[in-house]
Amino acid sequence: MRIENYTDAYSPKEIKDKEKFLLWVKVKKRLVYILKVLNCIFALGIGLMFVYPFAWMASMSLRPLTEALKFNPNIIIKNPVWDNYIFAWNQARVSHYIGNSLIYSALVIGLQYLTIIPAAYAFATMEFKGKKFLWGVKFLGMMLPAEATLIPVYFFYSKLGLVDTWGGLILPSLFSMFGIYMFMGAFKQLPKEVIESAKMDKASNRVIMLKIMVPMVTPIFITHLITSFISNWNEYYWVLVMTNSESLRTLPVALRGLLQVDEGVPQWNVAMAGTMIQLAPILLMYIFANGKIKTSMVGNKVKK
Amino acid sequence: MKKSKRFGVMLVVVLAIVMALGACTGPADNVVDGELYPEGTNWEMITSKPSEPVNITMWIPNSATSTMGVGVQTLADLFNQEQATNNPGKNITVTVEYQGKSSTLNEKLQASILSGNNPVISAIGVSSVPLFASKTIDLRRVFTYEELQAQNQGLLQYSLYNGAFVLNPYFPSASNIIVANKTLMSSKGVTLPTAADIIKQPKGDDWTWDKFIAAAKKVTDTEKGIYGFASNSLDPIGMMYQQGGSLYNKTVTELAFTKDDKFAKGLEFWRSLVTENCMLNPNSRSNHGTIIVSEFYEQKVGMIYTTSSNIVNLSKQAKENNYELEVLPFPKKTDYFTNQGGSGIVILNNKPQKEIDAAAEFLRWLNKPSNIAKMCKASGYLPLHPAAMNEPELVEIYKETPLLKTAAELMIFGVKSPQGKAKVACDSEINKYCKYIWSEPNMSIEEIVKKVTERAQYTIEANQ
């Protein structure tokens with residue numbers, strides 16, 4: 001009796017292939033597992049890259065001056081100096097400027113949709129003379145950096161008497177290209193049949209826009225609302241240029257004073273404490289409305 | 001479609017023409033600055049006797065929450081109060097508006113002058129005088145000859161331009177001084193000269209480049225992380241004056257440093273500070289400029305190159321940690337030189353006469369020694385008027401921080417700066433390319449000089 005033959009009898013080619021296959025499945029499973037771990041590490045790394053600056057800023061805001069000036073990347077603090085926050089609050093007169101920041105953000109958020117949504121609707125659904133030209137001009141405006149257009153824009157606004165007024169301050173945000181672009185894209189994604197059937201029922205453009213299309217783009221609406229609030233709350237340059245009196249100035253402009261701007265070494269710990277105060281509403285918003293923000297940012301698809 | 005394209009092209013052409021016209025401000029004249037008061041010239045003084053209330057606006061850099069902002073606002077409130085009490089119904093009211101960084105103020109002021117809604121009185125950076133000179137009134141119509149003579153002459157480096165007295169340097173600083181930790185230096189066996197000795201005997205050779213290097217070397221202990229000297233940048237303007245040279249001609253239309261080897265010698269000196277281990281290479285880490293201040297606080301730096309704006313904080317830390325400081329001018333090769341920084345005040349000429357008169361009145365009031373003292377106390381700026389040093393506010397401050405007084409006294413080594421439209425851009429380019437001495441250690445000084453010359457020449461030509 002030949003053992004080799006006996007063994008051969010029980011290891012035909014199919015079984016060998018199956019063994020190979022099972023081995024491959026095992027390797028594949030392990031590979032997938034390793035890739036998942038790597039993916040987690042990568043995601044964690046990316047996450048840390050975004051969180052670290054905030055954590056470092058918070059840590060800087062609690063350091064004594066000498067320690068803060070070292071710009072140590074470590075975020076652990078032994079003896080936090082909470083007085084930095086009190087000093088920043090008083091020095092930057094936060095209680096005065098925070099009111100202006102709230103009014104500015106509320107005015108922009110409250111009024112911008114009166115212009116952005118009709119403009120986006122018109123660009124998305126209508127054909128009219130000069131549409132491409134208008135779009136091109138508006139798009140060009142978005143491409144130019146604010147610093148490059150400062151002198152002509154200031155000249156134009158001052159000729160219109162809009163410098164140092166709430167009207168002048170909020171005007172550009174009311175025609176925000178970013179908002180028009182965002183809503184136009186969302187409106188274009190909606191099924192044409194919905195609009196056509198509404199038109200067949202003799203619905204007016206106003207009804208189609210407000211009662212049919214806007215409710216269908218609610219996630220986009222929330223996304224835009226959040227991003228718009230963040231950008232207006234943090235707006236520095238435009239407010240600085242278009243206002244002169246302190247009665248209109250907002251928190252970011254006041255906080256700049258903590259850096260003493262031109263000369264000398266700033267008290268970075270106090271400046272960071274001021275920045276943390278400014279960021280507080282945004283951070284709180286994120287902490288309490290985390291889920292909704294994620295849904296609107298990531299899952300911002302229109303309802304079909 | 002074709003029509004809209006044509007319209008677009010027309011719009012672009014019109015915009016281009018408008019921009020080109022805006023850029024043409026006429027050739028700069030070559031009038032060389034005269035004396036403070038050329039003979040035979042009579043100046044009609046501006047006086048303000050309003051028959052009704054006048055409101056004027058003043059722009060300053062920084063924000064209302066900065067120390068400068070708080071200081072100016074306090075003075076404006078005081079002036080308004082005095083006016084309301086002394087001239088009821090005919091009073092001048094000043095509103096102060098804050099415009100952020102000096103560069104933002106510059107841009108905004110240019111735009112507002114074009115549109116006519118500029119303030120009548122504004123602060124501008126000392127280097128920005130050529131930008132606004134044609135739109136300002138000559139301040140010899142505001143201050144008498146005696147009043148101007150009584151000001152610290154070392155702080156008038158940027159005031160005269162094209163024969164006009166343009167700038168009242170109300171917010172000045174000394175931008176290239178050395179603050180030394182006397183205690184640390186003494187513990188290493190280094191005896192520094194005092195500022196008073198140097199002022200008394202500027203021709204003496206107690207504080208030269210060679211002696212400075214020797215002192216810095218003696219203090220340096222790399223193992224303990226102690227360096228004799230720390231700086232975040234070099235000082236091309238200073239290194240030329242310290243050798244009796246200059247970077248530019250008077251109107252910044254030509255480079256003056258290409259005529260001899262002083263520029264190369266200056267770069268060699270600054271490079272040697274790193275190669276001979278007197279200071280840490282500023283390119284060796286990020287945020288070097290801020291970190292060296294914290295190291296100075298911790299007594300790991302013997303001497304630091306800084307501005308007078310930092311003196312208050314440096315003194316406070318020295319007091320808390322029990323060490324003594326000394327303020328010195330930057331050492332010389334042949335001459336001492338103290339550079340002026342900060343900003344000053346101009347009165348713009350495109351506003352109604354009653355506003356100009358009111359602005360002149362306010363500026364005169366600001367320049368009273370007692371008010372200068374109040375500003376310096378609030379902000380740490382140097383007093384433009386030496387008499388302000390005897391005011392109770394500054395006597396008290398100088399008792400606490402005597403180095404501030406010394407820094408003001410060092411302005412005696414100021415010289416009149418070349419002034420021209422190209423200066424700001426050219427200074428920036430020269431500074432940038434001079435840093436090759438540290439960032440490109442293998443590049444020879446000759447190559448760096450060649451590179452700097454090329455860039456500076458191009459910038460001068462582009463900015464005429």
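I began in chain B, at Asn287(B), which sits in the loop between H10 and H11. The model is a predicted one, and I kept that in mind throughout.

**Entry: two positive phi angles**

I looked up the backbone of Asn287(B) and found phi near 55 degrees, a positive value in a residue other than glycine. I noted the background: most residues other than glycine have a negative phi. Is Asn287(B) buried or exposed? Neither label fits, because its relative accessible area is 37%, and it counts as partly exposed.

I then turned to chain A. Asp164(A) has phi near 65 degrees, again positive and again in a residue other than glycine. I placed Asp164(A) in the loop between helix H7 (150–159) and helix H8 (166–174) of chain A. Its relative accessibility is 22%, so I wrote it down as partly exposed.

**Entry: salt bridges**

How many salt bridges are there over all chains? The count comes to 15. I reminded myself that side chains of opposite charge can pair when their charged atoms come close. I then went through some of the pairs.

I took Lys70(A) and Glu298(B) to begin with; their side chains meet in a salt bridge at 2.6 Å, N to O. This pair crosses between chains. Lys70(A) is in the loop between helix H3 (65–68) and helix H4 (83–91) of chain A. Glu298(B) is in the loop between helix H11 (288–297) and S9 of chain B. I checked how open each partner is. Lys70(A) is partly exposed, with 31% relative accessible area. Glu298(B) is partly exposed too, at 30%.

Next I looked at Asp138(B) and Arg140(B). Their side chains form a salt bridge of 2.9 Å, N to O. Where the previous partners were partly exposed, I found Arg140(B) buried, with a relative accessible area of 0%. Asp138(B) has 14%, and since buried means under 20%, Asp138(B) is buried as well.

I also checked Lys262(B). It forms a salt bridge with Asp260(B), and the closest N and O atoms are 3.7 Å apart. Lys262(B) is partly exposed at 24% relative accessible area. Asp260(B) is partly exposed at 38%.

Which residues are linked in a network of salt bridges? I found Lys182(B), Glu324(B) and Glu326(B).

**Entry: surface patches**

I looked for charge on the surface of chain B. Asp261(B), Glu268(B), Glu446(B) and Glu447(B) form a negative surface patch. I followed up Asp261(B). It lies in the loop between helix H9 (236–241) and helix H10 (262–275) of chain B. Asp261(B) counts as partly exposed because its relative accessibility is 44%.

On chain A I found a nonpolar patch. Its members are Phe21(A), Leu22(A), Leu23(A), Trp24(A), Val27(A) and Leu31(A). Together they have about 620 Å² of accessible area. I picked out Trp24(A), which is in helix H2 (residues 13–60) of chain A. Trp24(A) has a relative accessible area of 48%; exposed requires over 50%, so I listed Trp24(A) as partly exposed.

**Entry: a buried serine**

What does the side chain of Ser308(B) reach? I traced it to the backbone nitrogen of Ala174(B), at 2.9 Å. Ser308(B) is in the loop between strand S9 (301–306) and helix H12 (311–320) of chain B. With 1% relative accessibility, Ser308(B) counts as buried.

**Entry: C-alpha separations**

I checked two pairs of residues in chain B. Pro383(B) lies in the loop between helix H14 (369–379) and helix H15 (392–400). Pro383(B) is buried, with a relative accessible area of 1%. Its C-alpha is 8.7 Å from that of Lys405(B), and the two are 22 residues apart along the chain.

For the other pair I started from Gln81(B), in helix H2 (residues 67–86) of chain B. Is Gln81(B) buried or exposed? Gln81(B) counts as exposed, because its relative accessibility is 53%. Ile92(B) is eleven residues away along the chain, and the C-alpha atoms of Gln81(B) and Ile92(B) are separated by 9.6 Å.

Note on methods
Residues are numbered from 1 along each chain as its sequence is written. Chains are lettered from A and ligands numbered from 1 in the order in which they are written. This is a predicted model: local features need pLDDT of at least 70, side-chain atom pairs count only at pLDDT 80 or more; totals for chains, interfaces and linings use all residues. Side-chain values use heavy atoms; hydrogens and water are left out. Patches are made of residues with over 30% relative accessible area and no salt bridge: like charges are joined within 9 Å, nonpolar side chains (Val, Leu, Ile, Met, Phe, Trp, Tyr) within 5 Å. Accessible areas come from the Shrake-Rupley method with a 1.4 Å probe; for residues, only the protein chains shown count as cover. A salt bridge is a side-chain nitrogen of Lys or Arg within 4 Å of a carboxyl oxygen of Asp or Glu. Lys and Arg count as positive and Asp and Glu as negative; His and the chain ends are not counted. The place of a charge is taken as NZ of Lys, CZ of Arg, CG of Asp or CD of Glu. Helices (H or I, at least four residues) and strands (E, at least two) are DSSP runs, numbered from the N terminus. Buried means under 20% relative accessible area, exposed over 50%, partly exposed in between (1.4 Å probe, protein chains only). A polar contact is a pair of N or O atoms within 3.5 Å; within protein, one must be able to donate a hydrogen and the other to accept it, and residues adjacent in sequence count only if both atoms are side-chain atoms.
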